[in-house]
Amino acid sequence: MTTTIVAPSHICIYHNVEVSRETVRFLKLLLAEGHEGPLELDLRNTRYVSGAAALMLFAHVNFLQLLYGSKNRVRCLFPSRSSNPEGHNYIVGTQLSRALVSGTLEALDQLVEEGVFFQSSNNPTRHANITVEQLTKRLNGPHTQLMSMLGSAITEAVLNVRHHAYAHNPELFSGPLESRWWQYARFDEKDGCFIFLIYDLGLGILQTYKNSLGASRIDADTHIMEEALSFGYSRFSATNPERGCGSEDIKHPIRSDELLLICCDDLRYIYRGGTNDCDGNQMSGKAKIERTFYKIDGNLIEWTFETTDGAKKEAQ
């Protein structure tokens with residue numbers, strides 16, 4: 001028997017608390033019902049999907065399709081251009097619809113080959129290079145330094161998935177789901193910026209690092225999260241003190257007033273690039289941690305970069 005789930009009209013985890021809560025409830029329902037049997041996901045009345053939420057939806061749907069070995073484990077109904085033009089633009093126009101029907105490894109490989117903004121892989125070494133090549137081609141100019149730093153950041157992010165995210169449940173995240181992440185790139189030519197996101201469905205950074213500290217540490221979650229994303233800290237620090245540089249690689253591409261956003265559990269880590277001093281040298285950026293009113297599964301990392309000298313733009 002196939003269960004039908006009607007998606008919310010707005011799917012987003014930022015800004016509006018009620019929309020965010022409803023989005024998280026929807027994603028959790030999708031996952032729970034998807035384990036019970038085949039699903040029909042009705043998106044025909046959805047009018048808005050943010051980039052981050054679109055990536056999370058892609059990950060949840062694709063996870064179920066790969067886990068149960070069938071692209072029909074979750075079948076989707078999409079908005080039509082005539083009856084819901086806004087929703088059609090956000091879901092079909094962005095090729096989210098294409099990603100949601102890519103329920104096989106062959107179909108996922110095709111997304112990569114065609115350079116679709118929604119992609120998924122579990123090969124960090126190969127795919128990070130492909131991603132940087134594709135992004136470089138779309139930017140106006142070589143942007144060699146930016147792409148080099150972004151390449152290091154992406155590599156570190158996906159290596160974290162391999163090393164940390166799924167260690168708690170290796171039986172579930174095996175085969176095609178082993179070390180798998182999902183990613184999305186969105187360009188805004190008008191404002192001269194692009195947004196790049198990586199998402200996994202594993203154990204959040206907070207819980208992963210907290211588990212390494214032992215029961216004696218009773219610090220607040222915000223402090224533990226800040227420490228986990230600080231230079232020199234790693235869950236392997238006790239046995240390998242040279243580890244702990246990964247968070248700096250993730251932050252390094254962020255220049256003046258650009259944005260890095262990391263979401264896991266019920267915390268949001270916001271890092272802004274530092275301004276330049278009087279000699280033109282860039283100063284260290286600043287981070288703050290907010291507690292959200294909902295708890296997401298996995299880890300979401302989002303970079304917002306300026307690609308021209310135009311106005312800077314926050315993640316949306």
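# Questions around helix α2

The protein has 10 helices and 10 strands; these are DSSP runs numbered from the N terminus, with helices being H or I over at least four residues and strands E over at least two. This is a predicted model, in which local features need pLDDT of at least 70 and side-chain atom pairs count only at pLDDT 80 or more, while totals for chains, interfaces and linings use all residues. Residues are numbered from 1 along each chain as its sequence is written, and side-chain values use heavy atoms, with hydrogens and water left out.

Student: Let's start broadly. What percentage of the protein's residues count as buried?

Tutor: Buried means under 20% relative accessible area, exposed means over 50%, and partly exposed lies in between (1.4 Å probe, protein chains only). Of the 316 residues, the share that counts as buried is 49%.

Student: And what share of the contacts with a separation of 6 or more joins residues 24 or more positions apart?

Tutor: A contact here means heavy atoms within 4.5 Å. Among the protein's contacts with a separation of 6 or more, residues 24 or more positions apart account for 66%.

Student: On to α2. What distance between its end C-alpha atoms should we expect, and which value does the model give?

Tutor: Helix α2 covers residues 51-67. The expected span is 1.5 Å times one less than the number of residues, so the 17 residues of α2 should span 24 Å. The model agrees, since the end C-alpha atoms are apart by 24 Å.

Student: How many residues of α2 are buried?

Tutor: The helix is mostly covered. Out of its 17 residues, the buried ones number 16.

Student: Which residue that follows α2 has a positive phi?

Tutor: Look just past the helix, where phi is near 65°. The residue there is Gly69.

Student: Is Asn62 buried or exposed, and which residue's backbone oxygen does its side chain reach?

Tutor: Asn62 sits in α2 and counts as buried because its relative accessibility is 0%. Leaving aside neighbours within four places in sequence, its contacts are Ser102, Gly103, Leu108, Ser120, Arg180 and Trp182. Within that set, the side chain of Asn62 comes to 2.9 Å from the backbone oxygen of Ser102.

Student: Gly103 is in that list. How far apart are the C-alpha atoms of Gly103 and Phe63?

Tutor: Gly103 lies in the loop between α4 and α5 (105-113), and it is buried because its relative accessible area is 4%. Not counting residues up to four places away in sequence, it touches Asn62, Gln65, Leu66 and Lys71. Gly103 and Phe63 are 40 residues apart in sequence, yet C-alpha to C-alpha they are apart by 8.5 Å.

Student: Leu30 is in α1. What separates its C-alpha atom from that of Val61?

Tutor: Leu30 belongs to helix α1 (residues 17-36) and is buried, with a relative accessible area of 0%. Apart from residues up to four places away, it touches Ile5, Leu39, Leu57, His60, Val61 and Leu64. Leu30 and Val61 lie 31 residues apart along the chain, and their C-alpha atoms are separated by 7.9 Å.

Student: Which residue is 105 positions from Leu172 in sequence but 8.2 Å away in space, C-alpha to C-alpha?

Tutor: Leu172 is in the loop between α7 (144-165) and β7, and at 29% relative accessibility it counts as partly exposed. Beyond neighbours within four places, its contacts are Phe63, Leu67 and Leu177. The partner at 8.2 Å is Leu67.

Student: What is the phi of Gln95, which is not a glycine?

Tutor: Gln95 lies in the loop between α3 and α4 (96-100). It counts as partly exposed because its relative accessibility is 34%. Its phi is positive, at about 70°.

Student: And what is the phi of Asp265, also not a glycine?

Tutor: Asp265 is in strand β9 (residues 259-272). It is buried, with a relative accessible area of 8%. Its positive phi is about 50°.

Methods
A polar contact is a pair of N or O atoms within 3.5 Å; within protein, one must be able to donate a hydrogen and the other to accept it, and residues adjacent in sequence count only if both atoms are side-chain atoms.
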